[in-house]
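Reader: I would like to go through this model with you and ask how each label was earned. Shall we look at it together?

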Amino acid sequence: ILAQAPPCDRELHRTDMLRRTAQRSAGGGGLAESFFPGYKDKVWAALPPAVRSYQINASNSAFESWCATHMRLQGVMEQWEGVRGKMAPSQKYRKPYVDWRRQQTRGTMHYGRWYEGPNNSDYRPDSTHDRLQDVRAPFTDAEWEERKQHRSWCMVAMGLGLWAIFAYYKVTTEVPVVWCEEPEQ
């Protein structure tokens, strides 16, 4: 960065840098630029070298402070990433099995030794059985008939019935209308 160099031959490079970083607007720099072409260069050339150096240093330090802030925040984020990585669940403690209650509900529960499967299967390549083959009917017909005897109320049908009673009540009842009349004078 040429900000610390003494005013000499490098002054030309600094002015070029400042001109390159200036904001370019549509229309060539605005109305003043169209009335007085090159007025910014003339004003810049008329400024004393100390003012030009100050403006270049201010521009550079503003940019560098932004970079320093970014690097500080980047360090904080990297530390957080390290902490967040330690919070990931460990494969060591995961449960690789389905609990017995779900297996009973799905109809996939098998009572026996760990190497025995249902229907005389023992998990060898030619001796396997897919327990999820019949997921739509996990109960036998007798079990299903017995379960039908213990059904609870269907909440949807009950809710629709109550709504129908309420709608019938609202349609059939008459609500009195009270008109407020102004007293005669």
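**Labels and the values behind them**

Author: Gladly, and a good place to begin is a salt bridge that joins the side chains of Arg84 and Glu81, at 3.3 Å from N to O. Please keep in mind that this is a predicted model.

Reader: What makes the Arg84 and Glu81 pair a salt bridge?

Author: The cut-off is 4 Å between a side-chain nitrogen of Lys or Arg and a carboxyl oxygen of Asp or Glu. Arg84 and Glu81 meet at 3.3 Å, N to O, so the pair falls within 4 Å and earns the name.

Reader: How far apart are Arg84 and Glu81 along helix α4?

Author: They are 3 residues apart in α4, which spans residues 49-86, and that puts about one helical turn between them.

Reader: Why are Arg84 and Glu81 called partly exposed?

Author: Buried means under 20% relative accessible area and exposed means over 50%, with partly exposed in between. Arg84 has 46% and Glu81 has 40%, so both belong to the class in between.

Reader: How many salt bridges does the whole structure hold?

Author: The search finds 2. Besides the one in α4, the side chains of Asp99 and Arg102 meet at 2.8 Å, N to O, so this pair also satisfies the 4 Å limit.

Reader: Which class do Asp99 and Arg102 fall into?

Author: Asp99, at 23% relative accessibility, is partly exposed, and Arg102, at 49%, is partly exposed too. Asp99 is over the 20% that bounds buried, and Arg102 is under the 50% that bounds exposed, so neither crosses into another class.

Reader: How do you know that α7 lies largely in the open?

Author: The number of buried residues among its 18 is 0, so that description fits. Helix α7, residues 155-172, reaches 26 Å from its first C-alpha to its last, close to the 26 Å expected.

Reader: What makes Leu162 exposed?

Author: Leu162 sits in helix α7 and has 54% relative accessibility, so it passes the 50% cut-off. Leu162 also belongs to a nonpolar surface patch with Trp153, Met155, Met158 and Ile165, which together have about 640 Å² of accessible area.

Reader: And what is the overall picture of the protein's secondary structure and burial?

Author: The protein has 7 helices and 0 strands, and 9% of its 185 residues count as buried. About 17,400 Å² is exposed, with carbon and sulfur atoms supplying 59% of that area.

How values were computed:
Residues numbered from 1 in each chain as written. Predicted model: local features only at pLDDT ≥ 70, side-chain atom pairs only at ≥ 80, totals over all residues. Heavy atoms only, no water. Helix = DSSP H or I, 4+ residues; strand = E, 2+ residues; numbered from the N terminus. Buried < 20%, exposed > 50% of the residue type's maximum accessible area, 1.4 Å probe, protein only. Areas by Shrake-Rupley, 256 points an atom, 1.4 Å probe, with all protein chains shown as cover. Expected span 1.5 Å × (residues − 1). Patch = residues over 30% accessible without salt bridge, like charges linked within 9 Å, V, L, I, M, F, W, Y side chains within 5 Å.
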